[in-house]
Structure formats: C-alpha cells, structure tokens
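Open the model in your viewer, keep the sequence panel in sight, and let's take a walk through it together. Each stop suggests something to select and then says what is there.

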Amino acid sequence: MRPRTIELIAPCGYPQDPQAVARALARWVDAGHHIQGIDTTERRFQRFAGTDAQRAADLNRLADPARALPDIVLAVRGGYGAIRLLHGLDYAGLQRRLAGEPIAICGHSDFTAIQMALLAHSGLITFGGPMLSGNFGAPILSEFTVEHFWAAISNAEFTIGELTPQPDDVDLRGTLWGGNLAMIAALAGTPYLPNIDAGILFVEDVNEHPFRVERMLYQLHLAGILPRQQALVLGDFTGAQLSEYDNGYDFDAMVEQIRALIGIPVITGLRFGHGADTVTLPVGVPAQLKAGANGFTLTISGHPTLAE
C-alpha cells in the first residue's frame, strides 16, 4: 500500500481517549502515510470537537480549489454534533470540488448525518466505515476492519458476504445507502435525507434497546421510507441491556415484528457499525444483494476509488 494523504475532520464529539488517538496516528505514520488536521483531535468546546463554525470549516475547506485534495478524509469520531452543521455546509462548493474525484470520505455513527446531507444536496458518495479513534486507535487493531477498508476504497467493484442464514431468497439490485439508524430517523421529514426509491437500506446503532430500534424502524415505515425500499439490511446493534421486564422480547423478536410489518426482505448479520469488526460500505451507489439459506452477499460498484 503506497503512502496516502489522510485529512482528519471532527464534525461531532471530541475524542475521549487521547491514547486511542495517539495509537491511531502512530499506526498511520508508521505505515508511511501523511496526516493532516491533527489539531482537530485536540479541540474542545463543551462536548464537541470545536465550535459549530470550526467543525463545519473542517468540511467546507475541502471545497477550496486552491488546496490539494487528500486521498482520504477520515472522521475522528462520532458522538453527537453533526446535525448542528447541516445548514452551514457549502454543498455547491463541495460538489464542484469533489464530484468525480478519487477521494474517500469515511466515518459512521453520528457522521451519518453529514453523509446523508452530502448525498441529498451534493450527490457525493461517501463511505460508511471506520474512524480514527474507535477503530484505527483500538488497543487491538482489527485486521478484518483494515482489510475491508482498503478493499472498499481501492477497488472499483468488491463483494462482501456473511454466512448468516436468511429466511428469504433474494436477488435484487438497487442503490445502497444508510448508516446509523438514529441519525436516519432524526432526518426523516427534513431536506437532508436523500430521496431514494427501490434502494437497499443498511442500518446500525449502539446502546439502543430493541424496542428503541423497533420504534425508529416504525418511524421510517410510517414516514413512507421503508415501503419504498427493496430490502433492509441490519448491521450491528451493540451495547443494549435486556431486563426481566422484556419477558422474551429481544432483538430477534423485534426483527420478526419488523419483517411482518414492512413486507420487504430483512437481512441480518452484516458486520457494520460499532463492533470491533466492521466492513466499509459506499453510500449512494449501485449494489446487488443476493441472500438465502447459505447467507448473503453484496456486490458494490460505482464509488470513488483512490488514484493509483
């Protein structure tokens, strides 16, 4: 892997673990990559990685034609704060500067709000995937995550798959889009959620009890978003704690309820989200989904790839 220029952006919360940031930076530098924007990891304003203006500027500076573009734009972390920036982004400028360029803008969790807005207003393809602090700065770096990251941003077409059995035989094509479920639900009814028909929607979340996940999926269903999709793909939903009160109502029970409700295939087992192992998925590109008793595959193309 030849050296790349990686620009850090921090549109959400500040990193809580300086050692994770240090580990990540050391790994990138040791691999020969050039890091820009390290100062974004050090800013603090309340619970955010800087003021709203500072955090929006991290993204808007990518629209400056006088600046050389990095190869990779990497979110430092998620948390909360991206939604406060949506009205302040230079969508026209970002579209002019970045459309068609071999640049990988990557993050997940709260960063999903930025990704949805960029797709809706600029038509820009980004990547749902690992971030600086929680992933590349983990005490034990996931080889799975790293391999899938480079595969996604380097290959014009790639396939991911899992052996998790699926109840429906599926073979369909559509626009792959999605990210964090809470962020997508929060944007429903706003101009910042892309209007996608016949899509393949993938979602994940963390620290959300199954009833909260169900409620957000009901919101997307009742808002008319899920009925317009061809399939719903569930990633990792980690961190929730069940209690005796749930009385058998767990994640699997919730999934069966959603399957009965929405009338489209619900695929489970995607390793995407807040787990140690996560795939990297382009947001807003053509994909083919095949699923059945032997698991599922997603074949993806049409996304920006790094220049040779």
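## First stop: a central strand

Select Leu 8 and Leu 74: Leu 8 stands opposite Leu 74 in strand S3. Before going further, a word on the model: it is predicted, local features need pLDDT of at least 70, side-chain atom pairs count only at pLDDT 80 or more, and totals for chains, interfaces and linings use all residues. Residues are numbered from 1 along each chain as its sequence is written, and side-chain values use heavy atoms, with hydrogens and water left out.

Now colour strand S1 (residues 5-9) together with S3; the two run parallel and are joined by 4 bridges. Strands here are DSSP runs of E with at least two residues, helices are runs of H or I with at least four, and both are numbered from the N terminus. Two strands pair if DSSP finds at least two bridges between them.

Add strand S4 (residues 104-107), which pairs with S3 in the parallel sense over 3 bridges. Leu 74 has Cys 106 of S4 opposite it.

What covers the faces of S3? Show residues 72-75 as sticks: Ile 72 and Leu 74 on one side, and Val 73 and Ala 75 on the other, are all buried. Buried means under 20% relative accessible area, exposed means over 50%, and partly exposed lies in between (1.4 Å probe, protein chains only). In a regular strand the side chains alternate between the two faces of the sheet.

## Second stop: Ala 104 and Phe 149

Stay in S4 and pick Ala 104, which lies in this strand. Is Ala 104 buried or exposed? At 1% relative accessibility, Ala 104 counts as buried. Leaving aside neighbours within four places in sequence, Ala 104 is in contact (heavy atoms within 4.5 Å) with Asp 71, Ile 72, Val 73, Phe 127, Ile 153 and Leu 306. Try a distance label to Phe 127: the two C-alpha atoms are 6.8 Å apart, although the residues are 23 apart along the chain.

Next, pick Phe 149 in helix H6 (residues 143-154). Phe 149 is buried, with a relative accessible area of 0%. Apart from neighbours within four places in sequence, Phe 149 has contacts with Trp 28, Ile 72, Cys 106, Pro 130, Phe 136 and Thr 280. Gly 129 is 20 residues away from Phe 149 in sequence and 7.0 Å away in space, C-alpha to C-alpha.

## Third stop: the seven-stranded sheet

Turn to the open sheet of 7 strands, with mixed pairing and the order S6-S13-S12-S7-S8-S9-S10. Strands S6 (157-162) and S10 (266-267) stand at the edges; each has a single partner strand, so one side of each is left without a neighbour in the sheet. S6 pairs with strand S13 (residues 295-301) in the antiparallel sense over 6 bridges, and Gly 161 stands opposite Thr 297 in S13.

Then select strand S7 (residues 170-180): 8 of its 11 residues are buried, so S7 is largely enclosed by the rest of the structure. S7 runs antiparallel to strand S12 (residues 285-292), with 7 bridges between them; look for Asp 171 opposite Lys 290 in S12. S7 and S8 pair in the parallel sense over 5 bridges, with Phe 202 in S8 as the bridge partner of Gly 178.

Which residues touch the most other members of the largest nonpolar core? Of its 100 residues, they are Leu 232 and Leu 289. Such a core is a set of buried Ala, Val, Leu, Ile, Met, Phe, Trp, Tyr and Cys residues joined through side-chain atoms within 4.5 Å. Among the residues that Leu 289 touches, not counting those up to four places away in sequence, are Val 170, Leu 172, Ile 267 and Phe 296.

## Last stop: a lining to select

Finally, select Arg 77, Met 131, Ser 133, Gly 134 and His 274, which lie nearest the centre of the largest pocket among its 19 lining residues. A pocket is found on a 1 Å grid over the protein atoms alone, as an open set of points where a 1.4 Å probe fits, with protein on both sides within 12 Å along at least five of seven lines; lining residues have an atom within 4 Å of a point. Helices H1 (18-30) and H5 (132-136) each supply at least two residues of this lining, and H5 gives the most, with 3 residues.
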